[in-house]
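Ready for a short walk through a protein? Open your viewer, keep the selection tool handy, and follow along stop by stop.

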Amino acid sequence: MNIENLKSQAKRLREYLSDQNIKLSHSAALEAIAKQHGYRDWNTLSASIKSNVKWPAVGDRVMGTYLGHNFRGTILNSSVISNSENRRYTVMMDEAIDVVKSELFSNFRQRISSTINGDLRSVDYKGNPDNILNIQ
């Protein structure tokens, strides 16, 4: 997806609607294209493309940290969050990690889901920096 391709989509949308006697400005068509791709508005979509964020795709092998543990794994699911510049990811780690900081019991998890920002860091860690998922 690049800016020229998206602008071309907006132009085709305007042409189609014009054939149906529905008038739409170029800026309104750009806003509609942004919504179709799950973004709040054209500026947000445009900025995400220009930011050169290399978002991992489903099936990509990744590594990072979670709860202070290093991991390697595979992206199982990715989705754009509407009205946001963030994405929701599900990662299947190669090895399960203990997600409990207690010597009394353990809880091992191999699959994790988190909302990630353009820095590829969790945004939903609820103020506890140990809960951050980092994808590298």
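Before we select anything, a word on names: helices (H or I, at least four residues) and strands (E, at least two) are DSSP runs, numbered from the N terminus. The model is predicted, and local features need pLDDT of at least 70, side-chain atom pairs count only at pLDDT 80 or more, and totals for chains, interfaces and linings use all residues. Residues are numbered from 1 along each chain as its sequence is written, and side-chain values use heavy atoms, with hydrogens and water left out.

**Stop 1: the whole chain**

Show everything as a cartoon. You should find 3 helices and 5 strands, in the order α-α-α-β-β-β-β-β along the sequence. There are 136 residues, and 35% of them count as buried. Here buried means under 20% relative accessible area, exposed means over 50%, and partly exposed lies in between (1.4 Å probe, protein chains only).

**Stop 2: two crossing helices**

Select residues 3-19 for helix 1 and residues 26-36 for helix 2. How do their axes cross? They come within 9 Å and cross at roughly 115°. For these values, axes are lines fitted to C-alpha atoms, for helices over the stretch in contact, and angles run from 0 to 180 degrees between N-to-C directions. The crossing is right-handed; a crossing is left-handed if the near helix is turned anticlockwise from the far one by less than a right angle, and right-handed if clockwise.

Now show side chains. On helix 1, pick Leu6, Lys7, Gln9, Ala10, Leu13 and Arg14, which meet His26, Ala29, Leu30, Ala32 and Ile33 of helix 2. Contact means heavy atoms within 4.5 Å. By class, this meeting place has 7 nonpolar, 2 polar and 2 charged residues. In this sorting, Ala, Val, Leu, Ile, Met, Phe, Trp, Tyr, Cys and Pro count as nonpolar, Asp, Glu, Lys and Arg as charged, and the others, Gly among them, as polar.

Next, click on Asn21, in the loop between helix 1 and helix 2. Asn21 has a positive phi of about 65° although it is not a glycine. Is Asn21 buried or exposed? With a relative accessible area of 70%, Asn21 is exposed.

**Stop 3: a hairpin**

Select residues 61-66 (strand 1) and residues 69-80 (strand 2), which pair in the antiparallel sense over 6 bridges. Two strands pair if DSSP finds at least two bridges between them. The hairpin has 2 residues between the strands, and Leu67 takes a positive phi near 55°.

Look along strand 1 with side chains on. In a regular strand the side chains alternate between the two faces of the sheet. In strand 1, Val62, Gly64 and Tyr66 point to one face and are buried, while Arg61, Met63 and Thr65 point to the other and are not.

Thr65 stands opposite Asn70 in strand 2. Asn70 counts as exposed because its relative accessibility is 67%. Leaving out residues up to four places away in sequence, Asn70 touches Gly64 and Thr65.

**Stop 4: the next strand over**

Add residues 87-98, strand 3, which pairs with strand 2 in the antiparallel sense over 7 bridges. Here Asn77 stands opposite Thr90. Then pick Asn86, in the loop between strand 2 and strand 3. Asn86 counts as buried because its relative accessibility is 19%. Beyond residues up to four places away in sequence, Asn86 touches Val80, Ile81, Thr115, Ile116, Asn117 and Val123.

**Stop 5: the nonpolar cores**

A nonpolar core is a set of buried Ala, Val, Leu, Ile, Met, Phe, Trp, Tyr and Cys residues joined through side-chain atoms within 4.5 Å. Which residues have the most contacts inside the largest one? They are Tyr66, Phe71, Val91, Leu133 and Ile135, in a core of 15 residues. Strand 1, strand 2, strand 3, strand 4 and strand 5 each give two or more residues to this core, and strand 3 gives the most, with 4 residues. Apart from it lies another core, of 11 residues, among them Ile3, Ala29, Leu30 and Tyr39.

**Stop 6: a loop to finish**

Finally, select Asp119, in the loop between strand 4 (108-116) and strand 5 (133-135). Asp119 counts as exposed because its relative accessibility is 60%. Draw a line from Asp119 to Ile135: they are 16 residues apart in sequence and 8.7 Å apart in space, C-alpha to C-alpha.
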